[in-house]
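Trainee: I would like to go through the packing in this model, one point at a time.
Mentor: Go ahead and ask.

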Amino acid sequence: MKLNCSQSELNSALQLVSRAVSTRPTHPILANVLLAADEVTGKLRLTGFDLSLGIQTSISASIETSGAITLPAKLFGEIVSKLSNDSPLILTSDDTSQQVELTSKSGTYQVRGMLADDFPDLPLVETGTSLQLNPLLLSNAIRSTLFASSTDDAKQLLTGVNLTFDGYGIESAATDGHRLAVLNLNNILSESKDINKSDDFDKFSITLPSKSLREVDKFLSTCDISKPINFFIDKGQVVFISADEIITIRSLEGSYPNYSQLLPDTFSNILEFDRKDFLASLERIAVIADQHNNVIKITIDGSSNLIKITTDAQDIGTGSESLPVSFKGESFQIAFNVRYLLDGLKVINSNLIKLSCNAPTTPAVFSPINSDVNFIYLVMPIQIRN
């Protein structure tokens, strides 16, 4: 392999694919990135793959001799990042040495690698379901629910986000057992291959790891929002493709919980208030609540149309805020983890929000008012011990 390429482009590509390189690999080669040069296409393809998440991208290069090799992602990435960007880099290797020589205007480095043949193939779906998705809407679906997924590996299925496609739109949902975020979006499908947007579309769901979806969201932020991305799914493997970039994800096995049964059909108490004012009050009072157990109490006084937000961090301090509300129901008090409330309120894109609940011990649901976004955020209250 012998090629000439831009330092800045190679550096950016290495930073991208290295996000799919395992920090604790089960095999030494999984700590490497695969470099494959093709003189016919004039492209240098880079791949990182930890067997669960795979990222592949390509950069233009002047390629004299085609070839492939794998190199330690961390070491090679650090060397390239510190080289000058005002002159091209020359990469050379032969079939026998398993070593790459990297030459820039400031010096020459040799990095020992491993054979490309030993690198696992990146799964590419050739059959199954193929869709074209709006990248902006897909990003919205991920960001609006990702935060509510679990970080407890013992609850593996809950560490992901469940995506349900129905032929017209998508329902994205995530829960950690204490809270639930659900977003419904229509018209996310730009075009579909192998399916028709009709009543006979076979609705399907898939649960994807949150860690991998964070990388998908970064990938989507670089996409041209005017062009759909290709989405393929088959046998538990999902592939996203846009331009020269490919991301593959292995889905989580198992049936996602039937979260819809957690949502009450009716509510006896409904509060409406300004989202920004409520968020600001919570952020201030969280300074005290964070010092103890993150618990805040919300007291509703129907006679004055005010809610009072309080916290008591034992032996540290107390805090209290009042906020005007529009209220239907009876006066009561309810307690929450303030961090859960802040996480959910930050993704609601509406000036006015609604809090619906029945009792201090039953699920409370936050949702936007006068918004074209169908989003609900359910939070389990904390039992108050008097």
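Trainee: Leaving aside its neighbours within four places in sequence, which residues is Glu215 in contact with?
Mentor: The model is predicted. Glu215 has its place in helix 4 (residues 210–221). Leaving aside neighbours within four places in sequence, the residues in contact with Glu215 are Arg19, Leu53, Ile55 and Ile247.

Trainee: Is Glu215 buried or exposed?
Mentor: The relative accessible area of Glu215 is 9%. Buried means under 20%, so Glu215 counts as buried.

Trainee: Which helix gives the most to the largest nonpolar core?
Mentor: That core has 108 residues, and among those that touch the most other members are Leu10, Phe76 and Phe278. The helix that gives the most to this core, with six residues, is helix 5 (residues 275–289).

Trainee: Which residues does Phe76 touch, not counting those up to four places away in sequence?
Mentor: Phe76 is one of the members of the largest nonpolar core that touch the most others. With residues up to four places away in sequence not counted, Phe76 touches Leu10, Leu14, Leu35, Leu71, Leu91, Leu102 and Val111.

Trainee: How is helix 5 oriented relative to helix 6?
Mentor: The axes of helix 5 and helix 6 (residues 338–347) come within 10 Å and cross at roughly 150°. Angles over 145 degrees count as roughly antiparallel, so helix 5 is, relative to helix 6, roughly antiparallel.

Trainee: How many charged residues does the contact of helix 5 with helix 6 have?
Mentor: Residues making the contact include Arg275 and Glu283 of helix 5 and Arg339 and Lys346 of helix 6. By class, the contact has nine nonpolar residues and no polar ones, and the number of charged residues is four.

Note on methods: Residues are numbered from 1 along each chain as its sequence is written. This is a predicted model: local features need pLDDT of at least 70, side-chain atom pairs count only at pLDDT 80 or more; totals for chains, interfaces and linings use all residues. Side-chain values use heavy atoms; hydrogens and water are left out. A nonpolar core is a set of buried Ala, Val, Leu, Ile, Met, Phe, Trp, Tyr and Cys residues joined through side-chain atoms within 4.5 Å. Buried means under 20% relative accessible area, exposed over 50%, partly exposed in between (1.4 Å probe, protein chains only). Helices (H or I, at least four residues) and strands (E, at least two) are DSSP runs, numbered from the N terminus. Contact means heavy atoms within 4.5 Å. Axes are lines fitted to C-alpha atoms, for helices over the stretch in contact, and angles run from 0 to 180 degrees between N-to-C directions. Angles under 35 degrees count as roughly parallel, over 145 as roughly antiparallel, 65 to 115 as roughly perpendicular and the rest as oblique. Ala, Val, Leu, Ile, Met, Phe, Trp, Tyr, Cys and Pro count as nonpolar, Asp, Glu, Lys and Arg as charged, and the others, Gly among them, as polar.
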